[in-house]
Amino acid sequence: MVVPERPVFSTRASKESDWRLILVVDVSGSMEASVIWSALTAAVLGGVPTLSTHFLAFSTQVVDLTDRVDDPLSLLLEVRVGGGTHIAAGLAHARSLITVPSRTLVVVVSDFEEGAPLAGLLGEVRALAASGAHLMGCAALDDAGAPRYSVPVARRLVAAGMPVAALSPLALARWVGDRLRGELR
């Protein structure tokens, strides 16, 4: 009888990314400056080998632009800024992409001026928070880098389980890095 001391498994399939980042970006009419930095941030984070980066653009409908993440110029050319805001629809689509909540980062970039009933948005945030996904709401930034967002809605989102902050692309990258390192400890 032969008993292996160290069994080895190999496959031709590529290893799936350890973490999933889902950027949910508001592309309504008031969001132009934030869309640009979101696309650049997605391209940078898309290069992290242990991170699978998704890019969902939304106004009143959701468009998945994940296949463009590695090319920020192509991504920006595909985004059509304008229209209303339905954050809950963007979060519902993000939730449908989650397979391992504890290893998923959902980042919403918006001015939080929800055009649909607020109850739907709060319900999506509660569902994501209850699933164990890591949530972050990033306030829209104007051309000078100053935050511009609905403070009353942001307060309600925080109470529902999603922290909200005004983050530069560098600060957002640090937040993502902190989450990744936190899992490794």
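S38 is found in helix α1 of this predicted model. The residue is buried, with a relative accessible area of 1%. Leaving aside neighbours within four places in sequence, S38 is in contact with L23, V25, F55 and V109. Its buried status follows from the cut-off, because a residue counts as buried under 20% relative accessible area.

A second serine belongs to this helix, since S34 is placed in α1, which spans residues 32-46. What is the relative accessible area of S34? The value is 1%, and S34 is therefore buried. When residues up to four places away in sequence are not counted, S34 touches V109, A140 and L141. V109 thus appears among the contacts of S34 and also among those of S38. The side chain of S34 has, in addition, a polar atom that lies 2.7 Å from the backbone nitrogen of L141. On helical geometry in general, an α-helix has 3.6 residues a turn, so residues three or four places apart point the same way.

The two serines may now be set within the whole chain. The chain contains 6 helices and 6 strands, and along the sequence these follow the pattern β-α-β-β-α-α-β-α-β-α-β-α. Of its 185 residues, 42% are buried. Among contacts with a separation of 6 or more, 80% join residues 24 or more positions apart.

Confidence in the prediction can be stated for the chain and for one stretch of it. The average pLDDT is 85, and 89% of the residues score at least 70. Over residues 9-16, however, the pLDDT is below 50, and this stretch has 0 contacts in the model beyond near neighbours in sequence.

Helix α3, residues 87-97, contributes several buried side positions to the account: I87, A88, G90, L91, A94 and L97 are buried. Against which elements do the buried residues of α3 pack? They pack against the strands β1 (19-26), β2 (51-58), β3 (62-64) and β4 (104-110), and against helix α4.

Helix α4 also packs with another helix. Two packed helices are described by the angle between their axes and the distance between the axes. For α4 (residues 118-131) and α5 (residues 151-160), the angle is about 35 degrees and the axes are 9 Å apart. The crossing in which α4 passes α5 is right-handed. On the α4 side, L118, L121, L122, V125, R126 and A129 take part, and they meet V153, R156, L157 and A160 of α5. The residues of this contact divide into 8 nonpolar, no polar and 2 charged.

Between β4 and α4 lies a loop that holds F112. Although F112 is not a glycine, it has a positive phi of about 60 degrees. Is F112 buried or exposed? At 0% relative accessibility, F112 counts as buried.

The last helix to consider here is α6, residues 169-184, in which L180 is found. L180 is buried, with a relative accessible area of 14%. Apart from neighbours within four places in sequence, L180 is in contact with W19 and L51. L180 and T104 are 76 residues apart in sequence, while their C-alpha atoms are 9.9 Å apart in space.

Technical notes. Residues numbered from 1 in each chain as written. Heavy atoms only, no water. Axes fitted to C-alpha atoms, helices over the stretch in contact; angles between N-to-C directions. Helix = DSSP H or I, 4+ residues; strand = E, 2+ residues; numbered from the N terminus. Left-handed = near helix turned anticlockwise from the far one by under 90°. Contact = heavy atoms within 4.5 Å. Nonpolar A, V, L, I, M, F, W, Y, C, P; charged D, E, K, R; others polar. Buried < 20%, exposed > 50% of the residue type's maximum accessible area, 1.4 Å probe, protein only. Polar contact = N/O pair within 3.5 Å; in protein donor to acceptor, adjacent residues only side chain to side chain. pLDDT = per-residue confidence, 0-100.
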